[in-house]
Amino acid sequence: MNKVLFTVPGEPCPWTVWTRRGPKPVGFEKMEAWQNDIQAAAIQRCGGKLLWAGMVSLEMDFFRGIPAWAPLRADALEAWIQRHIIKKPDWLNYFKAAEDALQGVVIANDSLVIEGHGRKWYTRDGPYTRIIVKRWPWID
């Protein structure tokens, strides 16, 4: 097996810093919960075994849920998406949080990631994240 793909249901959460002084920020707690969901999905997909201790590539698609108050008409919804997709958080902060969650579960360490691709989308299908991990050399 040179590639593994799995999905994680739920709203993606961006990487958040906690300086370990004072209580954990709400954003940090949400990120930790999402990371636990990623680890659970990875363990279920990979049988609980560390897959690779070598170089890997990560590809991630972050599908955010469209709020109920967003327009329903297709043209108005497209305009809404164009306005909101470029707002924070950026895809890289989602990527960093998910990459950290994969350590010790799918990959030995995030320093082994030598290539990464990410995208942020909106969907009415419910929020989720799709993650693809490829072992180097890239063989499909």
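Is Gly27 buried, partly exposed or exposed? Gly27 counts as partly exposed because its relative accessibility is 30%. The legends below describe close-up views of a predicted model.

**Figure 1. Overview of the predicted chain and the order of its elements.** The chain contains 3 helices and 4 strands, arranged from the N terminus on as β-α-β-α-α-β-β. Along the principal axes, the C-alpha atoms fill a box of roughly 45 × 45 × 25 Å. Of the 140 residues in the chain, 36% are buried. When contacts between residues at least 6 apart in sequence are considered, 84% join residues at least 24 apart. The exposed area of the chain is about 8,100 Å², and 56% of this area is supplied by carbon and sulfur atoms. The side chains include 19 positive and 15 negative ones, and the centres of these two sets lie 2 Å apart.

**Figure 2. Gly27 in helix 1 and its separation from Ala79.** Gly27 belongs to helix 1, an element that spans residues 26-46. Its relative accessibility of 30% places Gly27 in the partly exposed class, because that class lies between the limits of 20% and 50%. Ala79 is 52 residues away from Gly27 along the chain, and the C-alpha atoms of the two residues are separated by 28 Å.

**Figure 3. Arg45 in helix 1 and its contacts with Val4, Leu5 and Phe6.** Arg45 is also found in helix 1. Leaving aside residues up to four places away in sequence, Arg45 touches Val4, Leu5 and Phe6. A polar atom of the Arg45 side chain lies 3.1 Å from the backbone oxygen of Leu5. Phe6 is 39 residues from Arg45 in sequence, yet the C-alpha atoms of this pair are 6.6 Å apart in space. Arg45 is classed as partly exposed because its relative accessible area is 39%.

**Figure 4. Ser57 in strand 2 and its polar contact with Glu115.** Ser57 lies in strand 2, which covers residues 56-65. The side chain of Ser57 makes a polar contact of 3.3 Å with the side chain of Glu115. With a relative accessibility of 6%, Ser57 falls under the 20% limit and therefore counts as buried.

**Figure 5. Ile81 in helix 2 and its contacts with Ile66 and Tyr122.** Ile81 is found in helix 2, the element formed by residues 74-84. Beyond residues up to four places away in sequence, Ile81 touches Ile66 and Tyr122. Ile66 is 15 residues from Ile81 along the chain, with 8.6 Å between their C-alpha atoms. Ile81 is buried because its relative accessible area, 16%, is under 20%.

**Figure 6. The loop between helix 2 and helix 3, with a cis peptide bond at Pro89.** Pro89 is located in the loop that connects helix 2 and helix 3. The peptide bond that joins Lys88 and Pro89 is cis, with omega at about 0°. In general, most peptide bonds are trans. At the N-terminal end of helix 3, Asp90 acts as a cap. The cap places a side-chain oxygen of Asp90 3.1 Å from the backbone nitrogen of Leu92.

**Figure 7. Helix 3, its buried residues and the elements that cover them.** Helix 3 comprises 12 residues, 91-102. The distance from its first C-alpha to its last is 17 Å, close to the 16 Å expected at 1.5 Å a residue. The buried residues of helix 3 are Asn93, Tyr94, Phe95, Ala97, Ala98, Glu99, Ala101 and Leu102. Their cover includes helix 1 and strand 2, together with strand 1 (3-9), strand 3 (113-123) and strand 4 (128-135). Just after helix 3, Gly104 adopts a positive phi of about 75°. Most residues other than glycine have a negative phi.

Notes: Residues are numbered from 1 along each chain as its sequence is written. This is a predicted model: local features need pLDDT of at least 70, side-chain atom pairs count only at pLDDT 80 or more; totals for chains, interfaces and linings use all residues. Side-chain values use heavy atoms; hydrogens and water are left out. Helices (H or I, at least four residues) and strands (E, at least two) are DSSP runs, numbered from the N terminus. Buried means under 20% relative accessible area, exposed over 50%, partly exposed in between (1.4 Å probe, protein chains only). A polar contact is a pair of N or O atoms within 3.5 Å; within protein, one must be able to donate a hydrogen and the other to accept it, and residues adjacent in sequence count only if both atoms are side-chain atoms. The expected span of a helix is 1.5 Å times one less than its number of residues. Contact means heavy atoms within 4.5 Å. Accessible areas come from the Shrake-Rupley method with a 1.4 Å probe; for residues, only the protein chains shown count as cover. Lys and Arg count as positive and Asp and Glu as negative; His and the chain ends are not counted. The place of a charge is taken as NZ of Lys, CZ of Arg, CG of Asp or CD of Glu.
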